[in-house]
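Visitor: I would like to learn how to read a protein model at the level of its side chains. Could you take me through it, one feature at a time?

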Amino acid sequence: MLSSTWYFSEISSLRFCLQVALLRAHAGEHLIMGVARRSLGVKEVLLLGNDAIIPRNTPEVEIGRVASRILDELVQPMKDVQMDDSEFACLKAIVFFDPGKDLHLLCHLVLFFMDFLEDFIIYLFIVHPIS
């Protein structure tokens, strides 16, 4: 799920129990973000990892309400900004290292990823803009 984050030395140097705690603390958010990312290429449905779909207008009212929120609050904004893989990885890292839920020690990692994302956006839109 988060294999790309283990390449950073700060993460691999954390105690194993802290790595497991981080995974447990944010597994739900990462599952929902993965569903949103997979659903970018389809319309009005959520595409699950097993290729099953959840339509916005499913007969189950509560599931439809959740699907609509994911489509409106995650999928559509990701489509609007044409989020690429690098930006998505940075967003996942920011969610993963949310210091509000975990140790204050991880705050510097959030700042690192936010700086990286800012540099990437500057490069993408100012230094090397897409025509």
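Visitor: To begin with charged residues, in what kind of interaction do the side chains of Glu-62 and Arg-65 meet?

Guide: Before I reply, please keep in mind that this is a predicted model, in which local features need pLDDT of at least 70 and side-chain atom pairs count only at pLDDT 80 or more, while totals for chains, interfaces and linings use all residues. Residues are numbered from 1 along each chain as its sequence is written, and side-chain values use heavy atoms, with hydrogens and water left out. As a general idea, side chains of opposite charge can pair when their charged atoms come close. The term salt bridge is used here for a side-chain nitrogen of Lys or Arg within 4 Å of a carboxyl oxygen of Asp or Glu. Glu-62 and Arg-65 meet in such a salt bridge, at 2.6 Å from N to O, and both residues lie in helix H3, three residues apart, which is about one turn of the helix. Helices here are DSSP runs of H or I with at least four residues, strands are runs of E with at least two, and both are numbered from the N terminus.

Visitor: How many salt bridges does this rule give, and which residue pairs with Glu-73?

Guide: The count comes to five salt bridges. Glu-73 pairs with Arg-69, with the closest N and O atoms 3.0 Å apart, and because these two residues are four places apart in helix H3, about one helical turn separates them.

Visitor: Which salt bridge links distant parts of the chain?

Guide: That is the pair of Glu-44 and Arg-56, whose closest N and O atoms are 2.5 Å apart. Glu-44 sits in the loop between H2 and strand S1 (45-47), whereas Arg-56 sits in the loop between strand S2 (53-55) and H3, 12 residues away. Glu-44 and Arg-56 are also linked with Asp-72 in a network of salt bridges.

Visitor: Is Arg-56 buried or exposed?

Guide: Buried means under 20% relative accessible area, exposed means over 50%, and partly exposed lies in between (1.4 Å probe, protein chains only). Arg-56 counts as buried because its relative accessibility is 18%, while its partner Glu-44 is partly exposed at 40%. In the H3 pairs, Glu-62 is exposed at 51% and Arg-65 partly exposed at 47%, whereas Glu-73 is partly exposed at 48% and Arg-69 exposed at 51%.

Visitor: Turning to the interior, which residues make up the largest nonpolar core?

Guide: A nonpolar core is a set of buried Ala, Val, Leu, Ile, Met, Phe, Trp, Tyr and Cys residues joined through side-chain atoms within 4.5 Å. The largest one here has 11 residues in all: Met-33, Val-35, Ala-36, Leu-46, Ala-67, Ile-70, Leu-71, Val-75, Met-78, Met-83 and Phe-88. Helix H2 (16-38) and helix H3 (61-80) are the elements that give two or more residues to this core, and H3 gives the most, with five.

Visitor: With which residues is Ala-36 in contact, leaving aside its neighbours within four places in sequence?

Guide: Contact means heavy atoms within 4.5 Å, and by that rule Ala-36 is in contact with Ile-70, Leu-74, Val-75 and Met-78, once neighbours within four places in sequence are left aside. Ala-36 lies in helix H2 and is buried, with a relative accessible area of 0%. Its C-alpha is 5.2 Å from that of Val-75, although the two residues are 39 apart in sequence. Another core member, Met-83, touches Arg-37, Met-78, Phe-88 and Leu-91, not counting residues up to four places away in sequence.

Visitor: What is the phi of Asp-51?

Guide: Asp-51 has a positive phi of about 70° although it is not a glycine; this residue is found in the loop between S1 and S2 and is exposed, with a relative accessible area of 63%. Gln-82 is another residue other than glycine with a positive value, its phi being near 50°. Gln-82 is found in the loop between H3 and helix H4 (85-96), and at 67% relative accessibility Gln-82 counts as exposed.
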